[in-house]
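Colleague: Could you take me closely through one part of this model, the contact between the two protein chains, and then add whatever helps to place it?

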There are 2 protein chains.
Amino acid sequence: MPSASALPLQQRAVAEIREDLIHGRFRPGERLSEPELASRFQTSRSPVREALVQLEHEGFLERAKTGRVYVRPLELSEAEQLFVFRGHLEGLAARLAAENMNLKDIQRLEANLAAMETAAQRGDARVAMECGAEFHRTIIDACGNRPLLECLEGLRARVSRYRYILAAIDEFSEQRVREHRSILSALAARSPATAEQAMINHVEVSSRETLHALKAFLSAPEKV
Amino acid sequence: MPSASALPLQQRAVAEIREDLIHGRFRPGERLSEPELASRFQTSRSPVREALVQLEHEGFLERAKTGRVYVRPLELSEAEQLFVFRGHLEGLAARLAAENMNLKDIQRLEANLAAMETAAQRGDARVAMECGAEFHRTIIDACGNRPLLECLEGLRARVSRYRYILAAIDEFSEQRVREHRSILSALAARSPATAEQAMINHVEVSSRETLHALKAFLSAPEKV
DNA sequence: GACTCAAAAACTGTCGACAGTATTATTTAT
DNA sequence: ATAAATAATACTGTCGACAGTTTTTGAGTC
């Protein structure tokens with residue numbers, strides 16, 4: 001029944017499976033079986049197959065020569081490459097955003113930063129991180145470059161996979177808040193170069209942290 | 001008969017349709033019909049549908065709310081964004097490549113540059129451009145960052161679509177050769193910053209040229 | 001001739017089926 | 001028991017079919 005739900009079944013599958021991949025509910029290396037997924041969604045294999053094609057292309061899955069699909073394992077080398085790439089792109093986005101941003105965006109960032117700060121002081125890392133993600137998303141949306149935006153969104157999702165597996169929702173220091181604040185300052189001041197540098201610096205710090213945790217995880221994989 | 005050809009039918013479809021999109025054999029705005037494509041490949045619609053999902057994700061196609069698939073139109077704004085993005089990424093790739101490149105890669109670039117030069121002098125823009133593409137591909141491959149590599153490959157394909165539609169296989173000046181040469185010098189000298197700058201400059205020049213042609217094309221679309 | 005409404009044709013989303021192949025379980029031989 | 005051989009399963013790639021929509025065609029009207 002094609003008209004059962006407004007949203008094509010295939011898209012529902014993509015969104016849901018992707019969410020599970022990001023949050024580590026499908027474990028790295030695990031095999032995904034089409035019939036199994038199909039039965040989970042109460043559908044035939046067709047929508048599932050189409051969803052898997054897309055998720056493979058997004059970098060979450062890999063396909064064996066036999067056609068079987070596996071969750072891509074977490075690898076230090078991939079993480080390093082993702083972080084380098086992402087840092088550079090977020091920097092670019094910040095630079096472009098500094099030029100294009102309107103007052104409303106700036107105000108949104110300010111409100112966001114305030115929320116982030118109170119959350120951090122309160123020790124609520126969970127909320128603080130959510131504010132952080134929103135902060136970045138606002139900048140990316142404001143950069144005015146669609147291909148960059150889409151690429152960065154995909155990268156952020158792939159990086160999230162590492163974060164969630166590491167349960168790296170650990171800390172959210174005052175230092176982090178300060179980093180965000182200096183990014184916002186540069187944006188508000190319409191200083192592309194400064195904004196770019198501040199963003200690159202911020203991403204690098206955060207990357208180093210995650211990579212550190214990842215190394216520990218990969219050498220002694222606690223069964224999280 | 002799943003074992004008819006070693007290569008899954010779906011992948012053949014992706015490759016072939018993509019090639020047609022890049023070369024403008026499917027025109028911007030044109031609708032792609034699944035049954036039609038299926039009959040062209042002598043298959044059922046299943047492999048075609050899966051191929052279309054991927055090509056949509058690659059940025060070549062767009063889907064109407066009705067599910068119909070169209071070739072994405074050529075738009076000035078998209079081209080501008082693609083070029084900005086690509087320039088930045090090629091610059092990054094060059095920078096990384098300057099650090100990672102081994103002697104064999106350098107020699108390959110040198111041979112490539114020589115071929116490009118003789119082709120340019122001979123006035124064979126077609127071959128010269130192919131050398132140029134190969135030149136860039138070599139650098140991208142050498143940058144050592146897989147996500148960057150994949151992204152850049154996708155971008156180059158999308159940009160090619162503009163080039164081919166514009167039939168911008170026009171000129172290949174000595175100046176172009178010089179730009180490539182300065183990139184190579186920086187790479188051989190292991191100077192990341194210089195290589196990055198040279199690459200950015202080169203891409204910008206070439207982008208400006210294409211954008212110029214595109215503006216003319218969009219205002220007076222000759223039926224190429 | 002332009003316009004409206006209805007019948008016809010073309011399509012997409014989804015399904016269930018089948019053939020061939022890879023995996024896994026089981027049996028047999030050492 | 002261990003390993004090789006074989007039978008049983010599970011799964012992927014592809015196909016053809018059908019229902020519900022959208023688009024196109026055509027008839028009839030002003």
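**The contact between the chains**

Modeller: In this predicted model, the contact draws 17 residues from chain B and 17 residues from chain A. On the side of chain B that touches chain A, the elements giving two or more residues are α3, α4 (76-100) and α7 (146-165) of chain B, and among these α4(B) gives the most, with 6 residues. By class, that side of chain B divides into 9 nonpolar, 5 polar and 3 charged residues.

The helix α3 of chain B also leads to the DNA, since α3 (45-57) and α1 (9-22) of chain B, together with α2 (34-41) of chain A, each supply at least two residues of the surface near DNA strand D. The largest share of that surface, 3 residues, comes from α2(A). Of the 20 residues around DNA strand D, those that come nearest are E34(A), G67(A), L9(B), T43(B) and S44(B), and the surface as a whole has 8 nonpolar, 8 polar and 4 charged residues.

Between α2 and α3 of chain A lies a loop that holds Q42(A), whose phi is near 60°, a positive value in a residue other than glycine. Q42(A) counts as exposed because it has 7 C-beta neighbours inside 10 Å, where exposed requires 12 or fewer. In chain B, Q42(B) is found in the loop between α2 (34-41) and α3, and has a positive phi of about 60° although it is not a glycine; with 7 C-beta neighbours inside 10 Å, Q42(B) therefore counts as exposed.

Definitions and conventions: Residues numbered from 1 in each chain as written. Chains lettered and ligands numbered in written order. Predicted model: local features only at pLDDT ≥ 70, side-chain atom pairs only at ≥ 80, totals over all residues. Near = placed C-beta within 6 Å. Helix = DSSP H or I, 4+ residues; strand = E, 2+ residues; numbered from the N terminus. Nonpolar A, V, L, I, M, F, W, Y, C, P; charged D, E, K, R; others polar. Contact = placed C-beta atoms within 7 Å. Buried ≥ 20, exposed ≤ 12 C-beta atoms within 10 Å, placed from the backbone.
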